[in-house]
Amino acid sequence: MTGQSSQQNRLYELIYLMLDGKITAEQFAELENQLAGDPEARAYYNEYIEISSMLRRHGNESAVSLPDQFVSEHSQINQSPALDESFNKEVKPNRKIRPAADADDSSAFWEVIEQDLSRNASLTNDDDTPEAEPVGRRPRTLSGVPSSKSIFKLLGALAAVVAFAVILNTLAKWGQYTPPDEYYLATLTDAVNAEWDSAIAVGDKLKRQLINLKEGYAGFTFNDGSYVIFEGPTTFTILSEDSVYLDAGRLYAKMGAGSARFAVKTRNARIVDIGTEFGVATDDSGNSEVHVIDGEVILYTSDQHNKTKKQHIFENQACRVDSERNTHPITIAKTAFARSISSDDGFVWNGDNIDLADIVGGGNGTGTGNYTSGIDVFFGNIKEFELKDFRDRDGPDGFIPVSESPFIDGVFVPDGGVGDVQITSAGDIFAQCRDTDGRYWTKILNGYNPAQGNLQAYWDMTLNGRKYGSPNRPGIFMHANCGITFDLEAIRSSTPGCRISGFKTTAGATEKPQVTSPSTYLDVTILIDGVIKHQRNDMFEGNYDDISFNINEDDKFLTLIITDGGNTLHGDFGMFAEPRLVLSQN
Amino acid sequence: MDRNNKKTNVITPNGLAAEEFFSLFVANQDVIYTYILKRAPVWNEADDLFQETAEVMWRKFNEFELGTDFVAWGVKIARYRILSFRKKQSQRGNKVQFNDKLLENIEDNSRFQNEYKDVRMQALQQCIGKLTDRDRHLIMMRYEHKTTTKMVAERVGVSVQRMYKILPKIQDTLLRCVRLTVATEEEL
């Protein structure tokens, strides 16, 4: 769903040309085709004509006359006391229309307006070429009676005079009035690559107004504490300290701690948040979607009899309201909305978790790493997979830092039989490490493609009937005996506005595709700062565990280890399927 | 006026008060005009058609039943005037008019428009106030006193082609603002 389209821009240009009688045959054909084929274009055409008509009426451009026969037959009406006054008002020149008394009459703006108005009067004469080609036009007056005597023109002029005076009064007030702070409803607190239709900058306080964000992201903090991120292109109005109108585009809203509710209105719905986070998207066709990320919202719509309908939408649910105001449940798209932005880093977070397999491949956890790349345990560098990697060899001594990735603290070959096993750069120790043979087989890999290793009949990364190790289903392949430690502090720094709330994975021994494959017998251990959070020893092929635990703000390192079960390392194919750090907003 | 200088209603030949027609016409002329403008979307043509419609409505006011829908009656008369006009235009070979099928599909929302016209007019006034100084000035020049688009362009020193992009866009901005303003006043 996007904002205003170029097709719509073209549409209003063509309608305007048509009204002025300046449209060419080709342009008319284009307009007619668009209106004939698109009900939304016809609806827009109706609105545009109505606005044009109102502007003309407001500006007293209308030359409509009451039939002169009426005027001549009923001239007593001209003498009615009620109308004399209005007649007198009409004949006075426009210069009598003054702004309010507190307006600055000497301001350049008003001088320009008044000069133009007086110039208009002198320019309006019979030589003024009309806009349209005269096509069988009839004279404006009948029977030679001057139209200035038309009662309808008098009343129309009076209405315009009054309306114009009201508007000037309002304009004068706007120019002279500095609203107090409590008048402002929201503050623009951050923006990433934002481009606007008007001059807005971070730190600006905004009152009730229409805003067009042409591209980028903008975060507003409302006076009630709620935080809303708009993603361009989008057009919206800040309605109050706890509500917005979304005309077209998308937003994400998180209620403030002290807020009782936050509302988003669209053309066909009103969404009231009663806690805590949701995304709304709407398009030019009048369709709206709401996705509830956390908490609950109430969706208000109306049916064709204008009767209000109310529907609760809960966490992990989503709903679409079409242009006919019918509602349909849809699949939630939690990552479709920008939920955190930081102009310091240009960082935009859409709710994705950090993929540790991607980090193993040299990435930042958001898909920037290389599939099937991994870390050489002996040297600590990140390299592409090579077939020659598959061989037994002695592991290095001690903990090996990985300098090529800021998010990986280091790697090691665990062997409790030779002493303490250091598992972090801070000196944390894996105290209960098994006595292994101190050897390893291959890199720690971001995924594995069996065709590359020419071993597709031998093993792959299947666990619980699902194949992992691809971009769509990431996984870390780790043959015994290996360990890797991730630097949580560094990962936190790369995700401003978010905190790491937990870790999830499915870990175990890969399933054997062939009965002739060597037997698997391995151990899985996961630690935080050297403290065991999960351990399962003596796992056979196909054994696995679904693992999930919380991570605290002061936890520094996460370590994943596969050891050989106390026998040889042969056939000990271990893996961590979809290993992810769960992010939450601060 | 009678001998006591009291205002009396002027009575039309059909016995109905002219003031009845007068007040009904003034109250509803905008809706009828807009109906015509949607189907004959050229200012001068719509003006002429509306004048014809007004004349017919006045002549036939004795056929109108007070208390019934004046707008619907006026729109019906306007429809015949439009049909007649279109026929003449076709005979003259004028191809710049909507085909019959498209005209049928242009929604007649006169009743809705009439009901909300004051709200929308008020919204329009607010929205004009929210325009930038430049845009407000241009719109006021265009509609205040019969200033053509060409004259506005000459006044501000831009090409006519450019002004035919600027003014329609400002009106689009007003359209969206009115839409938003009215929508925020509605209770769903």
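Q: In β31(A), which residue is the bridge partner of Gly502(A)?
A: In this predicted model, Gly502(A) has Asn550(A) as its bridge partner in β31(A). A second pairing in β31(A) sets Gly508(A) with Tyr544(A). These pairings belong to a set of seven bridges that join β28(A) to strand β31 (residues 544-550) of chain A, and the two strands run antiparallel.

Q: With which sense does β28(A) pair with strand β33 (residues 573-585) of chain A, parallel or antiparallel?
A: The pairing of β28(A) with β33(A) is antiparallel and extends over ten bridges. One point of reference is Thr506(A), which stands opposite Ala577(A) in β33(A). As for its cover, strand β28, which spans residues 498-509 of chain A, has ten of its twelve residues buried.

Q: Along β31(A), which side chains point to one face and are buried?
A: Those of Asp545(A), Ile547(A) and Phe549(A) point to one face of β31(A) and are buried, whereas Tyr544(A), Asp546(A), Ser548(A) and Asn550(A) point to the other face and are not buried, so that the side chains alternate along the strand.

Q: How should buried nonpolar residues be read, and which residues have the most contacts inside the largest nonpolar core?
A: As a general idea, nonpolar side chains in soluble globular proteins tend to be buried together. Here the largest nonpolar core has 74 residues, and those with the most contacts inside it are Ile15(A), Leu31(A), Ile36(B), Phe70(B) and Phe98(B). Helix α8 (residues 160-185) of chain B gives this core its largest share, which is ten residues. A second, separate core has 47 residues, including Tyr440(A), Cys482(A), Val524(A) and Ile528(A).

Q: Which residues does Ile36(B) touch, not counting residues up to four places away in sequence?
A: With those sequence neighbours left out, Ile36(B) touches Ala46(B), Leu49(B), Phe50(B), Thr53(B), Ala78(B) and Ile82(B).

Q: What does the secondary structure of chain B come to?
A: Chain B has eight helices and zero strands, and from the N terminus on its elements run α-α-α-α-α-α-α-α. Of its 188 residues, 56% are buried. Among the contacts in chain B with a separation of 6 or more, 62% are between residues 24 or more positions apart. The chain exposes about 9000 Å², of which carbon and sulfur atoms supply 48%.

Q: How should an unusual backbone geometry be read, and where is the peptide bond from Gly232(A) cis?
A: The general expectation is that most residues other than glycine have a negative phi and that most peptide bonds are trans. The bond from Gly232(A) to Pro233(A) is cis, with omega near 0 degrees, and Pro233(A) has its place in strand β4 (residues 227-240) of chain A. The bond from Ala480(A) to Asn481(A) is also cis, with omega near -5 degrees, and Asn481(A) sits in the loop between β26 (475-479) and β27 (482-487) of chain A.

Q: Is Thr372(A), which has a positive phi, buried or exposed?
A: Thr372(A) has a phi of about 70 degrees although it is not a glycine, and it is found in the loop between α8 (356-360) and β15 (373-375) of chain A. Thr372(A) counts as buried because its relative accessible area is 7%, under the cut-off of 20%.

Q: Where does Asp538(A) lie?
A: Asp538(A) lies in strand β30 (residues 531-539) of chain A. Its phi is near 60 degrees, a positive value in a residue other than glycine, and Asp538(A) is partly exposed, with a relative accessible area of 34%.

Notes
Residues are numbered from 1 along each chain as its sequence is written. Chains are lettered from A and ligands numbered from 1 in the order in which they are written. This is a predicted model: local features need pLDDT of at least 70, side-chain atom pairs count only at pLDDT 80 or more; totals for chains, interfaces and linings use all residues. Side-chain values use heavy atoms; hydrogens and water are left out. Helices (H or I, at least four residues) and strands (E, at least two) are DSSP runs, numbered from the N terminus. Buried means under 20% relative accessible area, exposed over 50%, partly exposed in between (1.4 Å probe, protein chains only). Contact means heavy atoms within 4.5 Å. Accessible areas come from the Shrake-Rupley method with a 1.4 Å probe; for residues, only the protein chains shown count as cover. Two strands pair if DSSP finds at least two bridges between them. A nonpolar core is a set of buried Ala, Val, Leu, Ile, Met, Phe, Trp, Tyr and Cys residues joined through side-chain atoms within 4.5 Å.
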